Amino acid sequence: TKHFIFSLDVADLMEGQDTGGVDMSDLNLGTGGLYIDANKKLLYGIDYDFDLAAIFELMSRAFSAFGGTPTPGGVAATPIPKLELNLEGRFTKHNDPSIKVPATDEMKQEAGVGTSLPPTDVPSGDSTPATDATAMPEATTGTGSTGGVTAQVGEPTTVGWATFTVNSVRRENSGNLDPGAGNEYVIVNVSIKNDGSAAGESISSLLMMELVDSTGKSMDWAFGAKANPLLDTEFQDNYKGQPLAQGDTITGEVGYEVPQGATGLVLHFKPNPLLDEATMVSVNIDQ
């Protein structure tokens, strides 16, 4: 599964259209990513960090343009603070015949069904559910083969098909992009070994791993952190869309943005995140 990231820069979205003199060069609606298995042509997940403040700021600037040129030395407008909306979607029932979608005329034409027929359900692909890339048999060996287990930094722990290890943890105040005011980056170096899945497994840090604070709040995945090598990139470069083979181990880093000095942080690893939320390893990374 490949991770495609995007940024919604307002100026780029306008594509050179006339903006009426409104400056949009510093406005960004947020960032996000798509998790796609290109071979199966399936979308497994989407995440989006949306900044509503950019829309309000754009509207404010547009209305201000009607008032003429600001008086020199006048009071500067107060910037609108960020209004973040974080969205995450996971898709697990591809081509599942139990899901019914009322058919429009366009959908009927695409499916080769006569548009004169009454509303019906248009089949979406195969008549049987597609095999999920993560729906592989669970490993039956190891103390953590089923259910939630805890582990320490440096301790290999078997859960499901995988043996998961947090090798090291570090904190940094800078990166490819600096963290937000009052925040820092926590970067974890991890190894994932395929001990139980003969068919192989795709690796996705966003779907499989989650860093939470002492209250259970999820920390943001950090695009700007200096993760070297980034776990997802390491998987894509070495396996080029193919699954992690049985017996293979992959090692890489994942960064999160957290409040500076935050403690009580726990890293969750879920080998089958789309099908089994309960089976996971929890590692206290403050140790």
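This is a tour of a predicted model, stop by stop, with what to select and what is found there.

**Before selecting**

The model is predicted, so local features are reported only at pLDDT of at least 70 and side-chain atom pairs only at pLDDT 80 or more, while totals for chains, interfaces and linings use all residues. Residue numbers count from 1 along each chain as its sequence is written, and side-chain values use heavy atoms, with hydrogens and water left out.

Colour the chain by pLDDT, the predictor's confidence in each residue on a scale from 0 to 100. The protein chain averages 79, and 78% of the residues score at least 70. Then select residues 123-146, where pLDDT stays under 50. The model has 57 contacts (heavy atoms within 4.5 Å) beyond four places in sequence for this stretch. Where pLDDT is low, the predicted coordinates should not be read in detail.

**Stop 1: strands 1 to 3**

Element numbers follow DSSP runs from the N terminus: helices are H or I over at least four residues, strands are E over at least two. Two strands count as paired if DSSP finds at least two bridges between them.

Select residues 2-9 and 28-37, which are strand 1 and strand 2. They run antiparallel and are joined by seven bridges; H3 stands opposite Y35 in strand 2. Add residues 42-51 for strand 3, which runs antiparallel to strand 2 with eight bridges between them. G32 has Y48 in strand 3 as its bridge partner. The hairpin of strand 2 and strand 3 has four residues between the strands, and K41 takes a positive phi near 60 degrees there. Most residues other than glycine have a negative phi.

**Stop 2: a nonpolar patch**

Show the side chains of L52, I55, F56, M59, L83, L85 and L87, which make a nonpolar surface patch of about 560 Å². The patch takes residues with over 30% relative accessible area and no salt bridge, joining nonpolar side chains (Val, Leu, Ile, Met, Phe, Trp, Tyr) within 5 Å; like charges would be joined within 9 Å. Areas come from the Shrake-Rupley method with a 1.4 Å probe, and for residues only the protein chains shown count as cover. Helix 2 (52-64) and strand 4 (84-90) are the elements that give two or more residues. Helix 2 supplies the largest share, four residues, and L87 lies in strand 4.

**Stop 3: the five-stranded sheet**

Next comes an open sheet of five strands in the order 6-7-8-11-10, with antiparallel pairing. Strand 6 and strand 10 (220-221) are its edge strands, each pairing on one side only.

Start with strand 6 (residues 157-159) and strand 7 (residues 162-172), which pair over three bridges. T158 stands opposite T163 in strand 7. Their hairpin has two residues between the strands, and G160 takes a positive phi near 60 degrees.

Strand 7 then pairs with strand 8 (residues 183-194) over ten bridges, with E172 opposite Y185 in strand 8. Across these two strands, display E184 and R171, whose side chains meet in a salt bridge (2.7 Å, N to O). E184 is in strand 8 and R171 in strand 7, 13 residues apart. A salt bridge here is a side-chain nitrogen of Lys or Arg within 4 Å of a carboxyl oxygen of Asp or Glu; the whole structure has five.

At the other edge, strand 10 and strand 11 (residues 249-259) pair over two bridges. The bridge partner of D220 in strand 11 is E257.

**Stop 4: helix 5 and a cis peptide**

Select residues 231-239, helix 5, which lies across strand 8, strand 10 and strand 11 and runs at about 150 degrees to strand 11. Axes are lines fitted to C-alpha atoms, for helices over the stretch in contact, with angles from 0 to 180 degrees between N-to-C directions. In the loop between strand 10 and helix 5 is P229. A cis peptide bond joins N228 and P229, with omega about -5 degrees.

**Stop 5: the four-stranded sheet**

The last stop is an open sheet of four strands in the order 5-13-12-9, with mixed pairing. Strand 5 (149-151) and strand 9 (209-212) are at the edges with a single partner strand each, so one side of each is left without a neighbour in the sheet. The twist averages 25 degrees from one strand to the next. Strand 12 (residues 266-269) and strand 13 (residues 281-284) pair in the antiparallel sense over four bridges, and F269 has V281 in strand 13 as its bridge partner.
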